[in-house]
Amino acid sequence: MSDYRFPYKDSEFLLNDVLDFDQMCLDAGLEDVNSELALAILEEAGRFGSEVLAPLNTIGDKLGATLEDDGVHETPGFAEAYRQYVDNGWAALSGDEEYGGQAMPRVVGAGTTEIWYSACAAFSLGPLLTTGAVEAIAKHGTDELKSAYLPKLVSGEWMGTMCLTESAAGSDLAAVACKAVPQDDHFLITGQKIYITWGDHQMTENVIHLMLARLPDAPAGVKGISLFLVPKYLLDENGRPGERNDVYCVGLEHKLGIHASPTCTLNFGDNGGAIGYLVGQPNLGLMAMFTMMNEARQGVGIQSLGVAERSYQQALPFAKERLQGTRKDGSRYPIIEFPDVRRMLMLMKSATEAMRGLIYFAAAEGDRERAAKSPEQAKKHAARTGIYTPVVKGWITELSQEITYLGMQINGGMGYIEETGSAQYYRDVRIMTIYEGTTGIQGLDLAGRKTLSDKGEAMGDLLDEIQQTAKDMSAIDSLSGMAASLSSAVQSGREAMAWLLEHAAQDRNAVGGASVNYMMLMGYLCGGWVMGVSALKAIKALESGSGDESFLKAKQVTAQFYFEHLLPRTASYFSTVMAGSESMMALNEDQF
Ligand SMILES: Cc1cc2nc3c(=O)[nH]c(=O)nc-3n(C[C@H](O)[C@H](O)[C@H](O)COP(=O)(O)OP(=O)(O)OC[C@H]3O[C@@H](n4cnc5c(N)ncnc54)[C@H](O)[C@@H]3O)c2cc1C
């Protein structure tokens, strides 16, 4: 039996009390969907995650994937689990009905995705990239590409990849050098992509690569990149995988964590050219790829939450069982009785709940955008999603490092020993601040595209909404102290934003020097907002006598802990923003 349990009560509380999911579904015209159905789905996903996927986590870590003569072979057991995943309809859960999906709201998708990542992060990366590929093809592909590829990708029968990175083009995609030459109705692609997650395997009968390359006459830089769909097997006249395309895995990376997720070097066109099809407009490929990247960025935030939750679930029973204190009568007591161990457990618990809440908020915003009744409404929700994406990716992946670190710390020496599993979570989560855009890139996105470009309008709306929560909290005696802390953090957010707007034009290093600290400030502030709303809703539920009393009282305490121990970090991030970049940039390179 697995040691992983889906945190049902927290999700139930978020759906029913915090988001008012039933009303959300009615507003979106989804009469057939309600929280009862959503929770039944989540419960079933929890069972699948804990019984089928979670047992693969350690095996995947130990055995990893291997490169053989006929390509990459995934860890034994993964293909069977993937088959069940597809057969049970999990791959198609949030997919578009037009292509055979079940069109469940994004909130439900976020809930199930957390489960897959808690259970086995390396396994779940394949489906994550497939979902992103589906979004990009659905939004930018031709009707032919959509009908040929989407049904199979939505069902999970085929998997997708995202091929951006090259040896000279990491964060800076302007340097992409792979080439695409037009020929008949397709393009011949040549070049090499590195670090491609699930770039090859035997789990599905086809693998669909979405890759960036340059046309022969393309302008230099990001304005000369196009997006192509390159299948591992070309489709025959019946739409089935036929002839092998000229794209091969030539190497697998050895890495710190997520061993079961094959990280491939892919060569395109060594034997004359891989056949590819243009997705979207020539030279506008980066914009089309952003559809996929934004999907994946939120996905990586959820992934970090999943691993952090699993780390907490591993540390908790250890803390209850490990005896290290001795009472006067000589009896021994467990480490959970020590305040410092409580500090670590509470930090893990409250941070995890805040992260989950923000992820549900962000997913709900995506659902509201889809259900918007006017273009203005849709634009507003899209702008808010635009803010959430780098915060979910940047802040949550960073905070998850600390959570898995604490998970190991609670285990003491046993945490460092592989057999407890704690070390694997710490290793697995490490990549999450790096891929899908490093934390530095998320900070720049939030400060630049999501704040400076609209002169802080969308961010200002978010800060106003958080301030309104502080006002609501101040009307309740037991929350008035927390309300004051939240107001003060909102004020820090406003001043940090004003500083950015003022200095961006005058000092070329101002934004780059402040952006990660600005993003972390906003992350801890959003976490405080989520926990503030949660405290309010918990009080309301307790007053009305609905819900689980013990859970609701614990939620209030967890919120209080967040306000006392995590929200104060906004003040130090605020100071670092306001310090500017002078000392950062003052030394010449020889002085380092
Ligand atoms: C296990 C794994 C799986 C991956 N999966 C995929 C995949 O499926 N598909 C894919 O295309 N790629 C994938 N990648 C690649 C990953 O997305 C890149 O590693 C990542 O984008 C960073 O690029 P880089 O490694 O070249 O680092 P660099 O871009 O060289 O960055 C090095 C450092 O410089 C900083 N930096 C760079 N540019 C800036 C800037 N403009 N401003 C501020 N700081 C900056 C970065 O933040 C970082 O700290 C994967 C990588 C790994 C390790």
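This is a short tour of charged and polar side chains in a predicted model.

**Stop 1: a charged patch.** Select Glu 31, Asp 32, Asp 96, Glu 97, Glu 98, Asp 143 and Glu 144, which gather on the surface as a patch of negative charge. Now zoom in on Glu 31, found in the loop between helix 2 (21-27) and helix 3 (35-53). Is Glu 31 buried or exposed? Glu 31 counts as exposed, because its relative accessibility is 59% and the cut-off for exposed is over 50%.

**Stop 2: a loop residue under cover.** Next, select Asn 206, in the loop between strand 5 (186-197) and strand 6 (207-213). Asn 206 counts as buried, at 0% relative accessibility. Add Tyr 233 to your selection: its backbone nitrogen lies 2.8 Å from a polar atom of the Asn 206 side chain.

**Stop 3: pairs of opposite charge.** Side chains of opposite charge can pair when their charged atoms come close. The count here comes to 26 salt bridges.

- Try Lys 152 and Glu 157, whose closest N and O atoms are 3.3 Å apart in a salt bridge. Glu 157 is partly exposed, at 29% relative accessibility.
- Go on to helix 9 (residues 339-371), where Glu 365 and Arg 368 sit 3 residues apart, about one helical turn. Their side chains meet in a salt bridge (3.0 Å, N to O). Glu 365 is buried at 7%, whereas Arg 368 is partly exposed at 30%.
- In helix 13 (residues 439-452), pick Asp 445 and Arg 449, 4 residues apart. A salt bridge joins their side chains (3.0 Å, N to O), and Asp 445 is buried, with a relative accessible area of 4%.

**Last stop: a network.** Finally, select Asp 10, Glu 114, Glu 309, Lys 349, Glu 353, Arg 356 and Lys 555, joined into one network by salt bridges that share partners.

Technical notes. Residues are numbered from 1 along each chain as its sequence is written. This is a predicted model: local features need pLDDT of at least 70, side-chain atom pairs count only at pLDDT 80 or more; totals for chains, interfaces and linings use all residues. Side-chain values use heavy atoms; hydrogens and water are left out. Patches are made of residues with over 30% relative accessible area and no salt bridge: like charges are joined within 9 Å, nonpolar side chains (Val, Leu, Ile, Met, Phe, Trp, Tyr) within 5 Å. Accessible areas come from the Shrake-Rupley method with a 1.4 Å probe; for residues, only the protein chains shown count as cover. A salt bridge is a side-chain nitrogen of Lys or Arg within 4 Å of a carboxyl oxygen of Asp or Glu. Lys and Arg count as positive and Asp and Glu as negative; His and the chain ends are not counted. The place of a charge is taken as NZ of Lys, CZ of Arg, CG of Asp or CD of Glu. Helices (H or I, at least four residues) and strands (E, at least two) are DSSP runs, numbered from the N terminus. Buried means under 20% relative accessible area, exposed over 50%, partly exposed in between (1.4 Å probe, protein chains only). A polar contact is a pair of N or O atoms within 3.5 Å; within protein, one must be able to donate a hydrogen and the other to accept it, and residues adjacent in sequence count only if both atoms are side-chain atoms.
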